[in-house]
Amino acid sequence: MLTPQQVSQYHQDGYLVLPGLFSADEVAAMKAELRRIQDIDTDHLVRERSGGMAKTIYRVHDAASPTASPLFRAAALSPRLLGSARQLLDDAALYIHHTKCNLKSAIDGSVWQWHQDYGAWKRDGIAEPHMTTALVMLDAATELNGCLYFIPGSQRLGYIESEMDDRTTAYRLWVVPKPDLLRIMEHSPEPVPILGRPGTVVFFHCNILHASGHNLSRHDRWHVYTVYNRSSNAPGEVPAPRPEYVRSVQSQALVMGGDEVLEAGRGG
Ligand code: SIN
Ligand code: MN
């Protein structure tokens, strides 16, 4: 349960850092799940250009997915994540737009340019920027291993027209054009590195400007993202919609689970 101060800090800054939300045992179990899933041959998984390493794994929360994990489903439905998301979006009826595990691996893990997540989700047909993402750190996030950076309060600028960058990383990403970015940065607080120990959770607004750098360290930086949207804000029809694993149309309200995620993950 978040305090009113935490909720208002989120609305002010566009993000909220919650250290120690998941235990060492829970983090170890999540990492073991991703090691299992990363060998699966499926289009729900993107690999690094430089080799066969899994870079991004989608839809681990959904029992119908080839990448399904009961543990990540239980975490996504837990009061720690779903309960907090309900408070931050001020709505009890939420569903998951997607889950995404970014396994930014030692030396190989690459950059994400400055962007707002809503740049992609608006094009998914989602009418309002009423979405929040829960990031779970499975490794310590450091500046050297490619932590996220946020521009505090930038979600209050609203949506900024974006352009497709399909050149600078292995990802196709809707990024903020450089002239706009430079102008915004001139008038904004300095970007802050989002650091934390494994088990830290960070909620962030879908319009906050964020980016992350290359992993120059010898340590992996694995992050798991669960994106919550209001059921009332489910995607409308768009031409050539993205696949279900990034743009869920299953918008029925989630039922809250318990906090015993290890037990639930074992099918208990
Ligand atoms: C994102 O911006 O959505 C992910 C960036 C990262 O995992 O470093
Ligand atoms: Mn993003």
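The charged end of arginine 123 sits over the ring of tryptophan 174, 3.4 Å from its centre. Such a charge counts when NZ of Lys or CZ of Arg is within 6 Å of the ring centre and within 35 degrees of the ring normal. Lysine 31 is placed over the face of tryptophan 222 in a similar way, at 5.0 Å from the ring centre.

This is a predicted model, where local features need pLDDT of at least 70 and side-chain atom pairs count only at pLDDT 80 or more, while totals for chains, interfaces and linings use all residues. Residues are numbered from 1 along each chain, chains are lettered from A and ligands numbered from 1 in the order written, and side-chain values use heavy atoms, without hydrogens and water.

**The manganese ion**
- His115 (NE2), Asp117 (OD) and His210 (NE2) are the protein donors of the manganese ion (ligand 2), lying 2.1 Å from it; donors are N, O and S atoms within 2.8 Å of the metal (3.2 Å for Na, K and Ca), and water is not among the atoms, so sites may look incomplete.
- Both histidine 115 and histidine 210 are buried (under 20% relative accessible area, with exposed over 50% and partly exposed in between, using a 1.4 Å probe and protein chains only).

**Aromatic rings**
- Five aromatic pairs are counted; rings of Phe, Tyr and Trp (its six-membered ring) pair if their centres lie within 6.5 Å, with planes under 30 degrees apart stacked, over 60 edge-to-face and the rest tilted.
- Tyrosine 118 and tyrosine 159 pair edge-to-face, 6.0 Å centre to centre with 85° between the planes.
- Tyrosine 118 is buried at 2% relative accessibility, whereas tyrosine 159 is partly exposed at 22%.
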